[in-house]
Amino acid sequence: MKGKPLLLFLVRFLSAITVILIFWVPVWLPIPSISERYISFVTYTAVDVAEPLVGLPDVDITTGGGFPGIIPFIALILATPNVKWIKRIKSIVAGSILLLFFHLSIIVLQIAFPSYQIGFFSFYAIFGRIALPLILWIWMSWDVFKPVIVIEGLAEERKR
């Protein structure tokens, strides 16, 4: 992507992430936000999964707050040009479920191995919030990227 298409993508991405965050953390409403519900769901589910394995956890669970990798992933999918809406919806659902399971597994590992809790959280903070959403976006949008990469590669060869 060069020039105008890149600028359009950036505007669409920033717009999408802004709208998602407005709905994700509506601090002005007296009802629990999506962020609070997400953290509660992840925490209680992880405890329910880990409890039969290691007993009742006696650790402070680090969930990473209410800004998981799901938010930038959804914004990236919404900002990607030339994708049909049904494919966008399928990608958002599948990617969000994968990111949720990754988040859950990190918290279960924190409960099961409390001495490595900081390491697991650090791994989640880098990989789960940044790298994994980007990898999933590229993988789920590959049919959009592949022609662009091939065309740019051919253009580079012709310049030589």
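**Entry 1: the core.** I began with the largest nonpolar core, which has 35 residues. Phe73 and Trp137 have the most contacts inside this core. I then looked up which helices feed it: α1 (4-24), α2 (34-54), α3 (70-79), α4 and α5 (117-140) each supply at least two residues. Helix α4 gives the most, with nine residues. I note here that I am reading a predicted model.

**Entry 2: the chain as a whole.** I counted six helices and zero strands in the protein chain. From the N terminus on, the order of elements is α-α-α-α-α-α. The chain has 160 residues, and 36% of them count as buried. I also looked at how far apart in sequence the contacting residues are. Among contacts with a separation of 6 or more, 72% join residues 24 or more positions apart. The chain exposes about 10,100 Å², and carbon and sulfur atoms supply 73% of that area.

**Entry 3: confidence.** I checked pLDDT before going into detail. The average for the protein chain is 82, and 79% of the residues score at least 70. Among the elements, α3 has the highest mean pLDDT, 93. Helix α6 (residues 142-159) has the lowest, 66. Where pLDDT is low, the predicted coordinates should not be read in detail.

**Entry 4: Phe73.** I went back to one of the two core residues with the most contacts. What does Phe73 touch, not counting residues up to four places away in sequence? I listed Ser91, Ile92, Gly95, Ser96 and Leu99, then Pro133, Leu136, Trp137 and Met140. Trp137, the other residue with the most contacts inside the core, is thus on the list of Phe73.

**Entry 5: Ser91.** I followed the list to Ser91, which is found in helix α4 (residues 85-112). Is Ser91 buried or exposed? Ser91 counts as buried because its relative accessibility is 5%, and the cut-off for buried is under 20%. Leaving out residues up to four places away in sequence, I found Ser91 touching Phe73, Ile77, Ser96 and Met140. Ser96 and Met140 are also among the residues that Phe73 touches.

**Entry 6: Phe101 and a surface patch.** I stayed on helix α4, where Phe101 also lies. Phe101 has a relative accessible area of 53%, so this residue is exposed; the cut-off for exposed is over 50%. I then looked up what Phe101 belongs to on the surface. Together with Trp85, Ile89, Val93 and Ile97, Phe101 makes a nonpolar surface patch of about 540 Å². My note on helix α4: Ser91 in it is buried, whereas Phe101 is exposed.

Conventions
Residues numbered from 1 in each chain as written. Predicted model: local features only at pLDDT ≥ 70, side-chain atom pairs only at ≥ 80, totals over all residues. Heavy atoms only, no water. Helix = DSSP H or I, 4+ residues; strand = E, 2+ residues; numbered from the N terminus. Buried < 20%, exposed > 50% of the residue type's maximum accessible area, 1.4 Å probe, protein only. Contact = heavy atoms within 4.5 Å. Patch = residues over 30% accessible without salt bridge, like charges linked within 9 Å, V, L, I, M, F, W, Y side chains within 5 Å. Areas by Shrake-Rupley, 256 points an atom, 1.4 Å probe, with all protein chains shown as cover. Salt bridge = Lys/Arg side-chain N within 4 Å of Asp/Glu carboxyl O. Core = buried A, V, L, I, M, F, W, Y, C linked by side-chain atoms within 4.5 Å. pLDDT = per-residue confidence, 0-100.
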